[in-house]
Amino acid sequence: MWADAGADAAHCPGSGAPGSPAEPLADGFPDGRALCPVCQRFVELDDFSRLVDHDTFDGSETAADAGRRRDWLNTHGW
């Protein structure tokens, strides 16, 4: 059984990496966010075009959000 002590850190190592806004779908998704190359989540950029600090998992992501991310990846690849 997993214990938190043996789990990977929640903080994504892609935080702080250079990024650029991802190509949007017709409806504007992902709304100016960049795709993190490590965790494959769409993340805001800071004033220096770097990925803001984020975790590898977003427990608040809804099924609709996951579907939009899937649509984007199926359209644009990764």
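At 22% relative accessibility, Gln40 counts as partly exposed, a class that lies between buried (under 20% relative accessible area) and exposed (over 50%), computed with a 1.4 Å probe on protein chains only. Gln40 belongs to the loop between strand 1 and strand 2 (42-43), and its phi is near 60°, a positive value in a residue other than glycine. The model is a predicted one, in which local features need pLDDT of at least 70 and side-chain atom pairs count only at pLDDT 80 or more, while totals for chains, interfaces and linings use all residues. Residues are numbered from 1 along each chain as its sequence is written, and side-chain values use heavy atoms, with hydrogens and water left out.

**Confidence and overall build**

The mean pLDDT of the chain (the predictor's confidence in each residue, from 0 to 100) is 90, and 87% of the residues reach 70 or more. Where pLDDT is low, the predicted coordinates should not be read in detail. Among the elements, strand 1 (residues 34-35) has the highest mean pLDDT, at 96, and helix 1 (residues 63-76) the lowest, at 93. The chain contains 1 helix and 2 strands, these being DSSP runs numbered from the N terminus (H or I over at least four residues for helices, E over at least two for strands). Followed along the sequence, they give the pattern β-β-α. Of the 78 residues in the chain, 23% are buried. Contacts (heavy atoms within 4.5 Å) can also be sorted by separation: among those between residues at least 6 apart in sequence, 54% join residues at least 24 apart.

**The segment before strand 1**

Several of the residues described here come from the part of the chain that precedes strand 1, and Ala10 is one of them. Leaving out residues up to four places away in sequence, Ala10 touches His54, Asp55 and Thr56. Its C-alpha atom is 9.7 Å from that of Asp58, although the two residues are 48 apart in sequence. Ser15 is also in this segment, and, with neighbours within four places in sequence set aside, Ser15 is in contact with Leu51, Val52, Asp53 and His54. To His54 there is a polar link as well, since a polar atom of the Ser15 side chain lies 3.0 Å from the backbone nitrogen of His54.

Further along the segment, the peptide bond from Phe29 to Pro30 is cis, with omega near 15°. Asp31, likewise placed before strand 1, has a positive phi, near 60°, in a residue other than glycine. These features can be set against a general background: most residues other than glycine have a negative phi, and most peptide bonds are trans.

**Arg41 and the largest pocket**

Arg41 sits in the loop between strand 1 and strand 2. Not counting neighbours within four places in sequence, Arg41 is in contact with Ala34, Leu35, Cys36, His54, Asp55, Thr56, Phe57, Asp58 and Arg69. Its side chain reaches the backbone oxygen of Asp55 at 2.5 Å.

Arg41 is also among the residues that line the largest pocket, together with Phe29, Arg33, Phe42, Asp58, Glu61, Asp65 and Arg69. A pocket is an open set of points on a 1 Å grid over the protein atoms alone where a 1.4 Å probe fits, with protein on both sides within 12 Å along at least five of seven lines, and lining residues have an atom within 4 Å of a point. This pocket has a volume of about 170 Å³. By class, its lining holds 6 charged residues, 2 nonpolar ones and no polar ones.

**Asp71 in helix 1**

Asp71 is part of helix 1, and its side chain makes a polar contact with the side chain of Arg68 at 3.0 Å. A polar contact is a pair of N or O atoms within 3.5 Å, of which, within protein, one must be able to donate a hydrogen and the other to accept it, and residues adjacent in sequence count only if both atoms are side-chain atoms. The C-alpha atom of Asp71 is separated by 9.6 Å from that of Phe29, a residue 42 places away along the chain.

**Accessibility of selected residues**

| Residue | Relative accessibility and class |
|---|---|
| Ala10 | 44%, partly exposed |
| Ser15 | 15%, buried |
| Asp31 | 55%, exposed |
| Arg41 | 16%, buried |
| Asp71 | 30%, partly exposed |

Note on methods:
Grid points are joined across faces, edges and corners, and a volume is the space filled by probe spheres set on the points. Ala, Val, Leu, Ile, Met, Phe, Trp, Tyr, Cys and Pro count as nonpolar, Asp, Glu, Lys and Arg as charged, and the others, Gly among them, as polar.
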